[in-house]
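I opened this model to go through its helices, its domains and its ligand shell. My entries follow in the order of looking.

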Amino acid sequence: MEQVPILSLKDVSYRYDMRSQRYALSNASFDVMRGQWLAILGDNGSGKSTLARLIVGLATQESGSIQFNQEVINEQNKSKLREKVGIVFQNPDNQFIGTTVQDDVAFALENLNMSYSDMKQRVFDALKQVDMYELRDKDPSQLSGGQKQRVAIAGILALEPELMIFDEAFIMLDPKSRRELLNTLKSIQRKYHLTIISITHDHNEAVLADRMVFLNEGRVVDQGNVQAMFDRNRDIQPPFAEQFRRELEQRGIPVPNHYMSDDELVAWLCE
Ligand SMILES: Nc1ncnc2c1ncn2[C@@H]1O[C@H](COP(=O)(O)OP(=O)(O)O)[C@@H](O)[C@H]1O
Ligand SMILES: [Mg+2]
């Protein structure tokens, strides 16, 4: 993996109320390398969404700096970020503009000066990736919450941004579609060397990451690769495979003494 950060935060602090001493973020620092999947974890109110809003330029930090592609983000170049960073929030709300699903996804591409056929191709590809192609002629307002969310995700995929941020964006999906969509994202991330930040409570989602950042009360309290993070932070609930491994360990059954993914555990059990 290329060791060039696409995104770099240095000592970023932010508070919603300047009269208060309460910081939503305090001196947050971390890098995201190009092509990496970074998971951000933390309890409710730990500052995850605030962080996302700062990264996409919807808010401006009080101190510290944010660099995108080694360029410091400021008021002048902020607008450029819109094309390069795509974000999907938890609630798809009524952010739909098009009268059909496919129009809605296409709408995001209208400023990109693409030919009609290229645009159509991208929209179709994106809708297929989120399994919404069959419903392309539907009115978005008629869709379920999970379907709306998938259309919002298709809109971001179609834009092919350099960095995609999902702020608890998969919560509305049923477990099966969530798993399928996450697997799709993981494979396109690998294939196209995409950079993804996923903000999540779901540890099964977090294990797809290459790296994790833990926030607590606005501070980055730990960061590292997935295995190291589950090894170091015994209080966070790991995915099933790791829980199972620890259970065996507790019962005195000899198991490898480090974090194992589902696949690793299965391979080990089958030996
Ligand atoms: N619009 C807002 N106005 C005032 N305080 C806010 C606002 N949004 C979030 N906060 C506060 O900032 C802190 C971090 O919130 P947030 O970034 O939404 O956390 P998370 O996404 O991790 O749940 C919390 O204490 C929250 O109450
Ligand atoms: Mg949030």
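I looked first at what comes after α6 (helices are DSSP runs of H or I, at least four residues, numbered from the N terminus): His193 follows, with a positive phi near 60°. I count residues from 1 along each chain as written, chains from A and ligands from 1 in the order written. The model is predicted, so I note that local features need pLDDT of at least 70 and side-chain atom pairs pLDDT 80 or more, while totals for chains, interfaces and linings use all residues.

I checked the span of α6, residues 175–192. Its 18 residues at 1.5 Å each (times one less than their number) should cover 26 Å, and the end C-alpha atoms lie 25 Å apart, which agrees.

I then took α4 (116–129) against α5 (145–159): the axes are 8 Å apart and the angle is about 135° (lines fitted to C-alpha atoms over the stretch in contact, angles from 0 to 180 degrees between N-to-C directions). That makes α4 oblique to α5 (not under 35, over 145 or 65 to 115 degrees). I logged their crossing as right-handed (near helix turned clockwise from the far one by less than a right angle).

For domains (bounds from an automatic or database assignment), I found 5–237 as domain 1 and 238–271 as domain 2. Their C-alpha centres are 31 Å apart.

Around ligand 1 I listed residues including Tyr16, Ala24, Lys48 and Thr50 (C-beta, placed from the backbone, within 6 Å).

Technical notes: Helices (H or I, at least four residues) and strands (E, at least two) are DSSP runs, numbered from the N terminus.
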